[in-house]
Structures are given as C-alpha cells and as structure tokens.
Amino acid sequence: IDRVYIKYYTYRKMGAGGSSADAEARRRNKEIERQSYADFKEESHKVKLLLLGAGESGKSTVLKQMKLLYGKGFDQREAEVRSFLTSIVTNMKALVDGTELYGALGDAAGLKADKAKLDDLVTSDRKKWKFPMGLKESLVKLWNDEGLQEVWANQRNMIQVQDNLEYFMKDIDRVFAQNYVPTESDWLRVRVRTSGVVREVFKLDGVEFHIWDVGGQRNERRKWIHVFDNVQALIFFGAINEYDQRLFENNQVNRIQEALELFETVANDEIFDEAGLILFLNKSDLYADKLNKSPIRYIDEKNPDNSRFPDFKGPYCPVGEPRDSKLWKECHDAGIDYFEQLFMNRNHKPSTKSIYSHVTCAMDQGNIDFVFGACKGIVLEKMLTDIGMIRK
C-alpha cells in the first residue's frame with residue numbers, strides 16, 4: 001500500500017513542477033497531503049468484511065478455512081466430540097423420517113428398535129443427551145437399509161439433511177471410538193448453525209481483516225444490523241447446489257430463490273452503497289455431484305409449485321450423463337452462468353454498483369486461498385479509489 005501511495009504522491013509532486021502557486025498555498029497543500037497519508041495509513045491497515053448469505057450457504061466453513069490459512073489454525077478445543085455425534089444422530093433421524101415420508105424402510109419391522117433409539121434421543125433435551133449402548137450399530141443398520149439408501153440417492157433434496165452425513169457414516173467406527181479425536185477434516189465438515197455474530201481477525205500482508213459471520217436463517221437476520229457500520233466489503237454466499245432444495249424454515253420455498261431475494265435486498269441497500277460486493281457461487285463440488293441426478297429446470301404441470309427455473313435454456317444434463325463427457329461439461333458451465341446471471345440481475349444499480357463473482361468450493365482450501373487473495377485485492381483497490389488515489 002505504501003508503494004502505491006508513494007508512486008501516486010511522487011507523480012503529483014512531479015506534475016506540480018513550475019507551479020505559480022504562492023508558498024502558503026504549497027505549504028497548506030503539503031500539510032493536507034501529509035494528513036491524508038496519515039489517515040490513509042491508519043485506515044488502510046484495517047478492513048471490515050462481512051459474510052452474508054442464507055442458512056447453510058457455506059459461510060462458516062469458509063471462515064474455518066480462513067482460520068486455517070491466515071489465523072491460528074485448527075484448535076482442538078473448538079472440535080467438541082459431542083457436536084459430531086449430535087450431528088450424525090440428528091441427520092440420521094431426519095433421513096429416516098424422510099424415508100418414511102417419500103418411500104419406505106426396506107426392513108421397517110427389523111429396524112423398529114433402532115429407530116426408537118433415535119426417537120428417544122431427539123425428543124429429549126439435547127443438552128442432556130446420553131448416547132445409549134449400541135447406538136453406533138443402530139445407525140449402521142439404518143444407513144445400510146435399501147429403502148433409506150434409495151431415498152438418499154434420489155430424494156435427499158426433499159429432506160432437511162446435511163450432505164456431511166455420508167462422510168461421517170463412512171468413518172463411523174473412528175468417530176464412535178472411545179479415544180476419538182476429531183481431525184481438521186472432521187471439523188471443517190461438521191455443521192453447527194451460526195447463532196448471533198462471530199468475529200475473527202486475521203492479518204494479511206500488513207492489513208488487519210475483521211471478518212464477521214452472522215447466522216443465515218431467517219430468525220437470525222435481524223441481528224445483522226448491529227455489524228453493518230463502516231463495512232468496507234461484504235461477501236455474499238449463494239450455494240448453487242441448492243437449486244432443487246427447499247428452506248429449512250419453509251419447505252415450500254426454493255433455497256436459491258430465497259438467496260436471490262436476500263441478495264437483492266443486500267445489493268441495493270443504501271447502507272452498502274460504499275461497500276465492495278463480492279459474490280461467492282459456493283458449493284461447486286456438490287453442484288457438480290448432483291447435476292446428472294437432478295435437473296436444474298423442472299416443470300410439474302400437475303403441481304406448478306414444484307416447478308423450478310423454467311427460463312433456464314440449457315443445455316440440459318440427462319440423468320446419468322457421464323461427468324467426463326462434453327455434454328456434461330457444457331451443462332455444468334451453462335448452469336453456473338445461468339445462476340450467476342440470476343444474481344447479477346438483482347442489482348438495481350449496475351452502472352454504479354460493481355459486483356465481483358467467484359465460483360467457490362468451501363472444502364477446497366487452495367480454491368479459498370486463491371479466491372480470497374483476489375478479494376483482498378478488490379477490497380484494497382476500492383479503498384484506494386475511495387480516497388482518490390486511483391481514478392475510476
């Protein structure tokens with residue numbers, strides 16, 4: 001930053017050569033420039049960055065990646081074993097209930113006792129949960145049920161269940177071991193809904209980033225206003241894999257439609273007029289995983305409320321299309337372009353409000369490092385522009 005300022009200051013000084021201004025005017029001009037530089041140095045070393053988005057859009061996972069990349073790293077004390085077991089139980093309970101709603105357990109009679117263990121837990125006070133003997137075995141039996149796997153493979157988008165369930169079930173012996181110690185990978189994947197406001201401070205290349213993560217569920221958004229002041233930039237998260245999923249709070253609302261409405265509010269709120277706006281089209285890995293299983297455009301003539309994105313022009317990805325095919329790649333890229341444009345169309349002031357977009361995968365640390373490096377450049381450039389050191 002200093003090099004940029006010095007270059008700019010030197011240019012102005014050279015350009016002033018031969019000026020006829022009197023000595024007092026030159027003295028006052030130098031004093032103003034010195035104060036401007038002092039103010040700039042102080043403020044340019046602090047950046048307030050806000051992470052916004054609907055629930056389960058990946059904000060907290062990206063913040064964890066930032067802690068690994070730029071902060072204190074993985075703190076074992078933040079990975080409470082109980083939270084991992086609780087996550088597995090609550091997600092399995094949601095999947096079992098969803099299986100009974102949209103299909104049927106293959107061995108309902110044989111799994112009655114196993115299902116009862118989950119029911120007893122989730123209907124009790126979570127803070128007092130005591131995991132019963134044989135819980136791991138019950139979870140494995142439920143997970144291996146053919147009927148449940150059928151719903152997991154084909155209708156999980158209709159159920160409020162997290163994708164990390166498969167990850168933990170594949171390694172359930174390790175997770176349920178008496179001496180289980182959560183790994184960094186476990187910590188990144190476990191999902192605990194953000195309640196209230198979380199702040200982290202990182203120092204990158206001499207700049208202090210104050211990053212705020214706030215809960216994305218509807219009932220948490222009223223808390224955002226407390227951290228809106230003096231924000232230099234905000235990153236909005238839109239999870240593009242959620243094109244066929246419904247809200248946790250309202251099972252009739254498409255998650256991307258909710259994200260679009262929220263983005264429209266944020267992008268056009270006058271409180272953010274001076275803030276840089278960066279869009280993360282997040283969860284690109286999960287988007288790619290489901291593209292050949294669930295279509296982006298879906299028309300239900302009998303029940304139009306179930307239809308989604310009728311204006312998507314394709315190309316369309318056939319169910320089962322190989323991921324290494326040319327058509328799959330074309331469908332993949334067309335879908336990303338389509339969702340990006342949906343967000344951009346919600347900007348009411350495109351001539352004065354620039355939006356920078358990036359396709360991101362919260363689980364890919366290299367991707368987050370690269371993208372955040374670009375975001376840092378965008379933020380600092382805007383700060384230089386705002387104080388007149390770079391002309392638009």
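Reader: I'm starting in the middle of the sheet: which residue in strand 4 stands opposite Leu 51?
Author: Bear in mind that this is a predicted model. Strand 1 and strand 4 run parallel and are joined by five bridges. At one spot along strand 4, Leu 51 faces its opposite number, and that residue is Ile 235.

Reader: And what is the bridge partner of Leu 49 in strand 3?
Author: Strand 1 covers residues 46-53. Six bridges join strand 1 to strand 3, and these two run parallel. In strand 3, Leu 49 has as its bridge partner Ile 211.

Reader: In what order do the strands of the open sheet come?
Author: Strands of a sheet pair through backbone hydrogen bonds, either parallel or antiparallel. Here the pairing is mixed and six strands take part. Strand 1 has bridges to strand 3 and to strand 4, which fits its place between those two in the order. Read across the open sheet, that order is 2-3-1-4-5-6.

Reader: Which strands are the edge strands?
Author: An edge strand here pairs on one side only. In the order 2-3-1-4-5-6, look at the two ends. The strands there are 197-204 and 355-359, in other words strand 2 and strand 6.

Reader: What does the twist average from one strand to the next?
Author: The six strands form an open sheet. Going from one strand to the next, the twist averages 20°.

Reader: Do strand 2 and strand 3 pair in the parallel or the antiparallel sense?
Author: Strand 3 takes in residues 207-214, and eight bridges link it with strand 2. Leu 204 stands opposite Val 207 in strand 3. The sense of this pairing is antiparallel.

Reader: Which helix packs on the sheet, touching strand 1, strand 4, strand 5 and strand 6?
Author: The helix in question spans residues 255-267. Its direction makes about 165° with that of strand 4 (233-239). The helix packing there is helix 11.

Reader: How many residues of strand 5 are buried?
Author: Gly 276, Ile 278, Phe 280 and Asn 282 point one way from strand 5, while Leu 277, Leu 279 and Leu 281 point the other way, and all are buried. Strand 5 is therefore largely enclosed by the rest of the structure. The count is seven of the seven.

Reader: Which residue in strand 5 stands opposite Ala 233?
Author: Strand 4 and strand 5 pair in the parallel sense, with seven bridges. Across from Ala 233, in strand 5, stands Gly 276.

Reader: Off to the helices, then: why do the buried residues of helix 7 line one face?
Author: Helix 7 runs over residues 146-154, and Gly 147, Leu 148, Val 151 and Trp 152 are buried in it. Look down the helix axis: these buried residues line one face because they fall within an arc of 140°.

Reader: Which residues are exposed on the other side of helix 7?
Author: The buried side of helix 7 has cover that includes helix 4 (81-102), helix 6 (135-143) and helix 8 (164-170). Glu 146 belongs to helix 7, and at 69% relative accessibility it clears the 50% cut-off, so it counts as exposed. On that other side, the exposed residues are Glu 146 and Asn 154.

Reader: At the start of helix 7, which residue's backbone nitrogen does a side-chain oxygen of Asp 145 reach?
Author: The oxygen comes to within 3.0 Å of that nitrogen. The nitrogen belongs to Gly 147.

Reader: Is Asn 164 buried or exposed?
Author: Asn 164 sits in helix 8. Leaving aside residues up to four places away in sequence, it touches Ser 87, Asn 91, Arg 189, Val 190 and Arg 191. Its relative accessibility is 10%, under the 20% cut-off, so Asn 164 counts as buried.

Reader: Which residue does a cis peptide bond join to Gly 314?
Author: The omega of this bond is about 10°. The partner lies in the loop between helix 12 (284-290) and helix 13 (326-344). That partner is Pro 315.

Reader: What is the relative accessibility of Phe 309?
Author: Phe 309 is also found in the loop between helix 12 and helix 13. It has a positive phi of about 45°, although it is not a glycine. Phe 309 counts as buried because its relative accessibility is 4%.

Terms used
Residues are numbered from 1 along each chain as its sequence is written. This is a predicted model: local features need pLDDT of at least 70, side-chain atom pairs count only at pLDDT 80 or more; totals for chains, interfaces and linings use all residues. Side-chain values use heavy atoms; hydrogens and water are left out. Two strands pair if DSSP finds at least two bridges between them. Helices (H or I, at least four residues) and strands (E, at least two) are DSSP runs, numbered from the N terminus. Axes are lines fitted to C-alpha atoms, for helices over the stretch in contact, and angles run from 0 to 180 degrees between N-to-C directions. Contact means heavy atoms within 4.5 Å. Buried means under 20% relative accessible area, exposed over 50%, partly exposed in between (1.4 Å probe, protein chains only). The arc is that of the directions from the helix axis to the C-beta atoms. A polar contact is a pair of N or O atoms within 3.5 Å; within protein, one must be able to donate a hydrogen and the other to accept it, and residues adjacent in sequence count only if both atoms are side-chain atoms.
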